[in-house]
Amino acid sequence: MPASVKDVAALAGVSSSTVSNYLNHPHVLGSASRERVRAAIEQLGYVPNESARQLRAGSSKALALILLDAWLPYFHDLSRGVEDVAREGGWSLFFSNSDRDDAQERRNLDMFEAHRVQGIVIYPLGDVVPRLEGLADRGIRSVVVGPIRQSSKVASVLFDDRGGGQLAGEHLLDLGRRRLLFLGNPAVSQSNDRLAGLREAVSGSDTNLSIIDVSHLAIEDGLRAGEQIIAMPVTERPDAVFAANDMVALGVLTQLLRHGIRVPEEIALIGFDDVAQAHQGVVPLTSVRQPGYEIGRAAGAALLQQLADPTAPPPATTPFPAELIVRESTVGR
């Protein structure tokens, strides 16, 4: 049978409340008492029942991360950043995936509230600020990765998506490309911001900009969009494609190469995020770099800052700037 608090107390020659203080408030104990309890725990191999402790305290040493689409490589990078900061601060981190579903996103928030997590980092599908403000009133602080409405209770970490779209558009114009196609998901605000930046870049030029909406910003969406491009008459095909993320761009690239369409000679291609796969393909992909790991760390740090001083306003964070990484998919070898 596993050792109990009473077993530790008996071996250490102290009361059960002293053992409890050692586990939850060690600063109130003298050094001699702390050492006796520590030695007894080590000898017995005692493991605290964290779930029971949380129920008694009404709170936990746990944080939550809610991702928009956990299967995309960008979110792998972001989650590692949040997790590393949480671990360094002595916190546990639970993950969930909304899968671009409003109802699932709400269920994830309900679940983590019920489990008494102390804080939440979320990359949302829609406007979650009213719900997060309600959670803040109940002691659960939060950080949104992405743009939000003004709030005195919810923090956000931003990336310059519009600036990234501008960089992509300016690069394609400099290359002499004038028939541009944008592939994005209008339900995702970041995708819309990237399109807005692209529009700004080509405004006033003789560029023809067309748009194809995709469902999930995944490789399969890029493959389907590639089929649509291939089905167009050659004279009506775009001479450049800007995709709202690298996965869509890589799907398009795969489809174009399968059908003998040369990249970038016939169609130049730009992605977004600059995940590892962007430089690993047969034709390395030009991409707007979005540093997922660093953004995750910033979000985690902003959350811990709020938990350290719950009375302070949400910390202001500096938006991460966009950077265009130019590779063979636009400039060739």
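Two strands count as paired here if DSSP finds at least two bridges between them. In this predicted model, that puts β8 (240–243) alongside β9, with three bridges joining the two in parallel. Within the pair, valine 241 has leucine 269 of β9 as its bridge partner.

This pairing belongs to an open sheet of six strands, ordered β7-β6-β8-β9-β10-β11, with mixed pairing. At its edges are β7 and β11, each pairing on one side only. Direction ignored, neighbouring strands of the sheet are turned by 20° against each other on average. Starting from the β7 end, six bridges join β6 (residues 179–184) to β7 (residues 208–213), and the two run parallel. Leucine 181 stands opposite serine 210 of β7. Strand β6 is mostly covered, with five of its six residues buried. Further along, β9 (residues 268–273) runs parallel to β10 (residues 286–289), joined by four bridges. Then comes an antiparallel step: β10 meets β11 (residues 323–325) over three bridges. Arginine 289 shows up in both of these pairings, standing opposite aspartate 273 on the one hand and opposite glutamate 323 in β11 on the other. As for helices, α8 (residues 161–174) lies across β6, β8, β9, β10 and β11, and runs at about 165° to β9.

The other sheet to look at is also open, but it has five strands in the order β2-β1-β3-β4-β5, and here the pairing is parallel. β2 (92–97) and β5 (155–157) stand at the edges with a single partner strand each, so one side of each has no neighbour in the sheet. From one strand to the next, the twist averages 20°. β1 (residues 62–67) and β2 pair in the parallel sense over six bridges, with isoleucine 66 opposite serine 96 in β2. Two helices are worth pointing out against this sheet. Helix α5 (residues 73–88) lies across β1, β2, β3 (119–122) and β4 (141–145), at about 170° to β1. Helix α12 (residues 292–308) lies across β1, β3, β4 and β5, at about 160° to β4.

Next, the packing. In soluble globular proteins, nonpolar side chains tend to be buried together. The largest nonpolar core in this model has 71 residues, and Leu78 and Leu183 have the most contacts inside it. Helix α11 supplies the largest share of this core, with seven residues. There is also a second, separate core of 14 residues, which includes Ala64, Ile66, Leu135 and Val154. Back in the largest core, leucine 183 has a long contact list once its neighbours within four places in sequence are left aside: Ile212, Val214, Ala225, Val241, Phe242, Ala243, Ala244, Val248 and Val252.

On to the aromatics, where a pair of rings is described by the distance of the centres and the angle of the planes. The structure holds six aromatic pairs. One of them, tyrosine 74 with tyrosine 123, is edge-to-face, with 6.4 Å centre to centre and 75° between the planes. It links distant parts of the chain: tyrosine 74 is in helix α5, while tyrosine 123 is in the loop between β3 and α7 (129–137), 49 residues apart. Both tyrosines are buried. Another pair, phenylalanine 242 with phenylalanine 272, is tilted, at 6.3 Å centre to centre and 35° between the planes. Phenylalanine 242 lies in β8 and phenylalanine 272 in β9, so this pair ties together parts that are 30 residues apart in sequence. These two phenylalanines are buried as well, and they join Phe159 and Phe182 in one aromatic cluster. Phenylalanine 272 also has a charged companion, with arginine 194 over its face at 3.8 Å from the ring centre. Elsewhere, lysine 61 lies over the face of tryptophan 91, at 4.1 Å from the ring centre.

Finally, there is asparagine 245, found in the loop between β8 and α11 (246–258). Its relative accessible area is 4%, so asparagine 245 counts as buried. Not counting residues up to four places away in sequence, asparagine 245 touches Leu72, Leu217, Gly271, Phe272 and Asp273.

Conventions:
Residues numbered from 1 in each chain as written. Predicted model: local features only at pLDDT ≥ 70, side-chain atom pairs only at ≥ 80, totals over all residues. Heavy atoms only, no water. Buried < 20%, exposed > 50% of the residue type's maximum accessible area, 1.4 Å probe, protein only. Contact = heavy atoms within 4.5 Å. Core = buried A, V, L, I, M, F, W, Y, C linked by side-chain atoms within 4.5 Å. Axes fitted to C-alpha atoms, helices over the stretch in contact; angles between N-to-C directions. Phe/Tyr/Trp six-rings, centres within 6.5 Å; stacked < 30°, edge-to-face > 60°. Lys NZ or Arg CZ within 6 Å of the ring centre and 35° of its normal.
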